[in-house]
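Biologist: I should like to learn how to read the features of a structural model. May we go through one example together?

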Amino acid sequence: MYYFKHNDQHIDATAESGKLGRLVNHSRNGNLITKTMIVDKVPRLALMAKTDISKGAELLYDYGDRSKEALEHHPWLAS
Ligand SMILES: C[S@@+](CC[C@H](N)C(=O)[O-])C[C@H]1O[C@@H](n2cnc3c(N)ncnc32)[C@H](O)[C@@H]1O
């Protein structure tokens, strides 16, 4: 569920990293989009605002996994 592809590379965001981005929950209508990019030769996943976000609003992005298996185990992915 937390794999992102950048060219021929994959970013695995499954492991705990201590980074705050890992705390962002899913919504199909989130206020963030993900963008893969290279920073200092390391592939990174950036979370970018779709529009201005009000102070206090929860940050959310679309995890993107619509597979039958994922939806069976994580029905919240549908919303
Ligand atoms: C990357 S973590 C997000 C941060 C997590 N909520 C936490 O407090 O550590 C992903 C996990 O958060 C939960 N999660 C994310 N979005 C959710 C949602 N819309 N509804 C219910 N649980 C969600 C699921 O347990 C998922 O495996």
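Biologist: In which loop is Lys41 found?

Modeller: This model is a predicted one. Lys41 is found in the loop between β4 and β5.

Biologist: Which strands does the protein have around that loop, and what pattern does the protein follow along the sequence?

Modeller: One begins with the list of elements. The protein has one helix and six strands, and read along the sequence it follows the pattern β-β-β-β-β-β-α. Strand β4 covers residues 32–39, and strand β5 covers residues 42–49.

Biologist: In which sense do β4 and β5 pair, antiparallel or parallel?

Modeller: For a pair of strands, one reads the sense and the bridges. β4 and β5 pair in the antiparallel sense over eight bridges. Thr34, for instance, stands opposite Leu47 in β5. The two strands form a hairpin with two residues between them.

Biologist: What is the phi of Asp40 and of Lys41 in that turn?

Modeller: Here one looks at the sign of the angle and at the residue type. Phi of Asp40 is near 50°, a positive value in a residue other than glycine. Lys41 also has a positive phi, of about 70°, although it is not a glycine.

Biologist: Why is Asp40 counted as exposed?

Modeller: One counts the C-beta atoms around the residue; 12 or fewer others within 10 Å make it exposed. Asp40 is exposed because it has 5 other C-beta atoms within 10 Å. Lys41 is likewise exposed, with 5 other C-beta atoms within 10 Å.

Biologist: How many of the eight residues of β4 are buried?

Modeller: The count of buried residues in β4 is zero, so that the strand is hardly covered. For the protein as a whole, 3% of its 79 residues count as buried.

Biologist: Which residues is Met48 in contact with, leaving aside its neighbours within four places in sequence?

Modeller: Contacts show which parts of the chain come together. Met48, found in strand β5, is in contact with Leu32, Ile33 and Lys35. The C-alpha atoms of Met48 and Leu32 are separated by 5.2 Å, although these residues are 16 apart along the chain. Met48 is nevertheless exposed, because 10 other C-beta atoms lie within 10 Å.

Biologist: Which residues surround the ligand?

Modeller: One lists the shell and then sorts the residues by character. The ligand is surrounded by Arg22, Leu23, Asn25, His26, Ser27 and Trp76. The shell divides into two nonpolar, three polar and one charged residue.

Methods: Residues are numbered from 1 along each chain as its sequence is written. This is a predicted model: local features need pLDDT of at least 70, side-chain atom pairs count only at pLDDT 80 or more; totals for chains, interfaces and linings use all residues. A residue is buried if 20 or more other C-beta atoms lie within 10 Å of its own, exposed if 12 or fewer, and partly exposed in between; C-beta atoms are placed from the backbone. Helices (H or I, at least four residues) and strands (E, at least two) are DSSP runs, numbered from the N terminus. Two strands pair if DSSP finds at least two bridges between them. A residue is near a molecule or strand if its C-beta atom, placed from the backbone, lies within 6 Å of it. Ala, Val, Leu, Ile, Met, Phe, Trp, Tyr, Cys and Pro count as nonpolar, Asp, Glu, Lys and Arg as charged, and the others, Gly among them, as polar. Two residues are in contact if their C-beta atoms, placed from the backbone, lie within 7 Å.
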